[in-house]
Amino acid sequence: MLSPVTDNDGAPFWEYAARGELRVQACGDCGEPRFPPRPCCPHCRSFAVEWRPVSGRGRVWSYVVPHPPLLPEYAEQAPYNVVVVELEDCPRIRLVGNVVHHAGAPLGSLDPRRLRVGARVHVVFGEGGLPQWVLA
């Protein structure tokens with residue numbers, strides 16, 4: 001499994017995820033949520049930052065099933081899905097991940113024919129706090 005590359009702006013996302021919490025960065029002044037994390041608010045240009053918990057519920061905004069797998073390390077888990085999830089409580093925020101059968105399940109654990117755009121999902125946390133999604 002690939003490990004995320006973190007920077008100062010995104011490190012808190014992964015620290016919260018390792019504790020089983022899904023949080024997104026928001027402006028400490030205007031309150032606008034943003035993802036990916038960055039040092040300056042694109043709306044008001046403030047450098048004030050806070051990390052807000054979100055429900056972890058969302059919907060599949062888009063998805064693909066790569067054939068053949070793009071990364072050789074994932075070949076034995078194919079076919080697997082890669083989804084873009086739009087968060088229910090922050091609809092302008094979309095996170096990339098995988099829909100799996102249950103928390104910690106391998107990437108290919110869900111039959112890709114069960115996926116559809118608009119499917120309701122909720123976050124679970126796999127190995128190392130990696131956010132994954134399961135069908136609601």
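**Strands, salt bridges and one buried asparagine**

Let me start with one pair of residues: glutamate 86 stands opposite arginine 94 in strand β6, and the two strands concerned, β5 and β6 (residues 94–97), pair in the antiparallel sense over four bridges. When I say that two strands pair, I mean that DSSP finds at least two bridges between them, and the helices (H or I, at least four residues) and strands (E, at least two) are DSSP runs, numbered from the N terminus.

Before I go on, please keep in mind that this is a predicted model, in which local features need pLDDT of at least 70 and side-chain atom pairs count only at pLDDT 80 or more, while totals for chains, interfaces and linings use all residues. Residues are numbered from 1 along each chain as its sequence is written, and side-chain values use heavy atoms, with hydrogens and water left out.

Staying with β5, a hairpin of six residues joins this strand to β6, and β5 also pairs with β4, again in the antiparallel sense, over six bridges. In that second pairing, glycine 58 stands opposite leucine 87 in β5.

Glutamate 86 has a further partner, because its side chain forms a salt bridge (a side-chain nitrogen of Lys or Arg within 4 Å of a carboxyl oxygen of Asp or Glu) with arginine 59, the closest N and O atoms being 2.8 Å apart. This pair links distant parts of the chain, since arginine 59 is in strand β4 (residues 57–64) and glutamate 86 is in strand β5 (residues 82–87), 27 residues apart. Are these two residues buried or exposed? Taking buried as under 20% relative accessible area, exposed as over 50% and partly exposed as in between, with a 1.4 Å probe and protein chains only, glutamate 86 is buried at 12%, whereas arginine 59 is partly exposed at 24%.

Over the whole structure, the search finds eight salt bridges. Another one joins the side chains of arginine 23 and glutamate 21, at 2.8 Å from N to O; here arginine 23 counts as buried at 18% relative accessibility, and glutamate 21 as partly exposed at 26%. Aspartate 111 and arginine 113 form one as well, with their closest N and O atoms 2.7 Å apart, and in that pair aspartate 111 is partly exposed at 30%, while arginine 113 is exposed at 74%. Salt bridges that share partners also join Arg19, Glu21 and Arg23 into one network.

Let me turn to the helix. In α1, which covers residues 11–18, the buried residues are Ala11, Pro12, Phe13, Tyr16 and Ala17. As general background, an α-helix has 3.6 residues a turn, so residues three or four places apart point the same way. What covers the buried residues of α1 includes the strands β1 (23–27), β3 (49–53), β7 (120–125) and β8 (131–135), and just after the helix glycine 20 takes a positive phi of about 80°.

Two of those strands belong to an open sheet of three strands, in the order β2-β1-β3, with antiparallel pairing. Its edge strands are β2 (33–34) and β3, each of which pairs on one side only. Between β1 and β2 there are two bridges, in the antiparallel sense, and the bridge partner of alanine 26 in β2 is proline 33.

Now the cysteines: how many disulfides are there? With a disulfide taken as a pair of cysteine sulfur atoms within 2.5 Å, the count comes to zero. Cysteine 27 is in no disulfide, and the nearest cysteine sulfur, that of cysteine 44, is 3.6 Å away; cysteine 27 counts as buried, at 1% relative accessibility. The sulfur of cysteine 40 is 6.7 Å from the closest cysteine sulfur, in cysteine 41, which is too far for a bond, and cysteine 40 is partly exposed at 23%.

I will finish with asparagine 98, which lies in the loop between β6 and β7 and is buried, with a relative accessible area of 13%. Its side chain reaches the backbone oxygen of asparagine 81 at 2.6 Å. Leaving aside neighbours within four places in sequence, asparagine 98 is in contact (heavy atoms within 4.5 Å) with Tyr80, Asn81, Val82, Val83, Leu107, Gln132 and Trp133.

Key
A polar contact is a pair of N or O atoms within 3.5 Å; within protein, one must be able to donate a hydrogen and the other to accept it, and residues adjacent in sequence count only if both atoms are side-chain atoms.
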